[in-house]
Amino acid sequence: MAELAIGQHCGVEHCGQLDFLPFVCDGCSGVFCLQHRSRDSHGCSEVNIKSESMKLDQQKSYPCTYKACNGKELLPVLCPFCKKQFCLRHRHQSDHECEKLDTLKPRMAATQKLVKDIIESKKEEDVRSKRRKGAKNSETAAKVALMKLKMQASGDKSLPQTERIYFQVFLPKGSKEKRKPMFFCSKWSIGKVVDFAACLADLKNDNNKSTAKKLRLCHTASGEALPLDHTLATWLSNQECPLYNGGNIILEYLGPEDQCVEDINSYLE
């Protein structure tokens, strides 16, 4: 009568014990006895492989350099001004207190001058319009338009009413919808307003990629893109600015060298 082959010998060279209920390592697939069943006890090769893999994974992450932030990103997010690495939360200049923020002042001055010139020409048109229609009728129409906008607008419902700013947002050309009423917090940066509007309108947003076209918020007077690091309140508090609560704003994709949208009337038709 033939003998039954029961059990297997331990794979550790100096052990070789016959175990009737051997253990199979889920790392290296070797067979071991009770004493050598753990990976450390039989020097499992899979342990070293996974350790090296974990080290490589750690090297692929990009930590945020903003103060005590522990955020990390799988892809580099560099500030184009100070050239430092940040997480998505702190990528805007105002969010990480960029040391190069002052370099935008000359550009801001030029923007304000352009806006001032536009406002001057706009004032002349408003004077003629008021003579025809009357100032009282214009104010009433603006209030009615704002009331309608508030009833239809989408936004963060947790925002206090005192901080909400309403806009009729004209979406990028080629979008399924031409416009969408929205409201934002007056304390948000322009960059955060763009990100939130992109989510509400389900738009592709590659603003964290340096080479891609970026979503920009542009005013309807000149089509010029607003600086991403400025707060919404900064522009609304300026009496010479064409932005106002209940007004229109354009959201469009612009290339790295583009600073304004063209053919503004095609959005407002």
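This report describes the overall make-up of a predicted protein model, then its aromatic ring pairs, and then a nonpolar patch on its surface.

**Overall make-up**

The protein holds 6 helices and 10 strands, and of its 269 residues 36% count as buried. Its accessible surface comes to about 17600 Å², and carbon and sulfur atoms make up 53% of that area. When contacts with a separation of 6 or more are considered, 46% of them are between residues that stand 24 or more positions apart.

**Aromatic pairs**

How many aromatic pairs does the structure hold? There are 4 of them, and two are set out in the table below. A pair of aromatic rings is described by the distance of the centres and the angle of the planes.

| Pair | Distance between centres | Angle between planes | Class |
|---|---|---|---|
| Tyr166 and Phe183 | 5.3 Å | 45 degrees | tilted |
| Phe167 and Phe184 | 6.5 Å | 40 degrees | tilted |

Why does the pair of Tyr166 and Phe183 count as tilted? The planes of these two rings stand at 45 degrees, and an angle that is neither under 30 degrees, which would be stacked, nor over 60, which would be edge-to-face, is called tilted. Tyr166 belongs to strand β7, which covers residues 164-170, while Phe183 belongs to strand β8, which covers residues 179-185, so this pair ties together parts of the chain that are 17 residues apart in sequence. Are these two residues buried or exposed? Tyr166 is buried, with a relative accessible area of 4%, and Phe183 is buried as well, with a value of 1%, because buried means under 20% relative accessible area.

The pair of Phe167 and Phe184 is likewise tilted, with its centres 6.5 Å apart. Phe167 lies in strand β7 and Phe184 in strand β8, so this pair, too, ties together parts that are 17 residues apart in sequence. Both Phe167 and Phe184 are buried, and ring pairs link these two residues with Trp188 and Phe196 into a cluster.

**A nonpolar patch on the surface**

Which residues form a nonpolar patch on the surface? The patch is made of Ile6, Leu18, Phe20 and Leu21, which together have about 430 Å² of accessible area. One of these residues, Leu21, is found in the loop between β2 (18-19) and β3 (23-24). Leu21 counts as exposed because its relative accessibility is 67%, and the word exposed applies to values over 50%. Whereas Leu21 is exposed, the paired residues Phe167 and Phe184 described above are buried.

Definitions and conventions. Residues numbered from 1 in each chain as written. Predicted model: local features only at pLDDT ≥ 70, side-chain atom pairs only at ≥ 80, totals over all residues. Heavy atoms only, no water. Patch = residues over 30% accessible without salt bridge, like charges linked within 9 Å, V, L, I, M, F, W, Y side chains within 5 Å. Areas by Shrake-Rupley, 256 points an atom, 1.4 Å probe, with all protein chains shown as cover. Salt bridge = Lys/Arg side-chain N within 4 Å of Asp/Glu carboxyl O. Helix = DSSP H or I, 4+ residues; strand = E, 2+ residues; numbered from the N terminus. Buried < 20%, exposed > 50% of the residue type's maximum accessible area, 1.4 Å probe, protein only. Phe/Tyr/Trp six-rings, centres within 6.5 Å; stacked < 30°, edge-to-face > 60°. Contact = heavy atoms within 4.5 Å.
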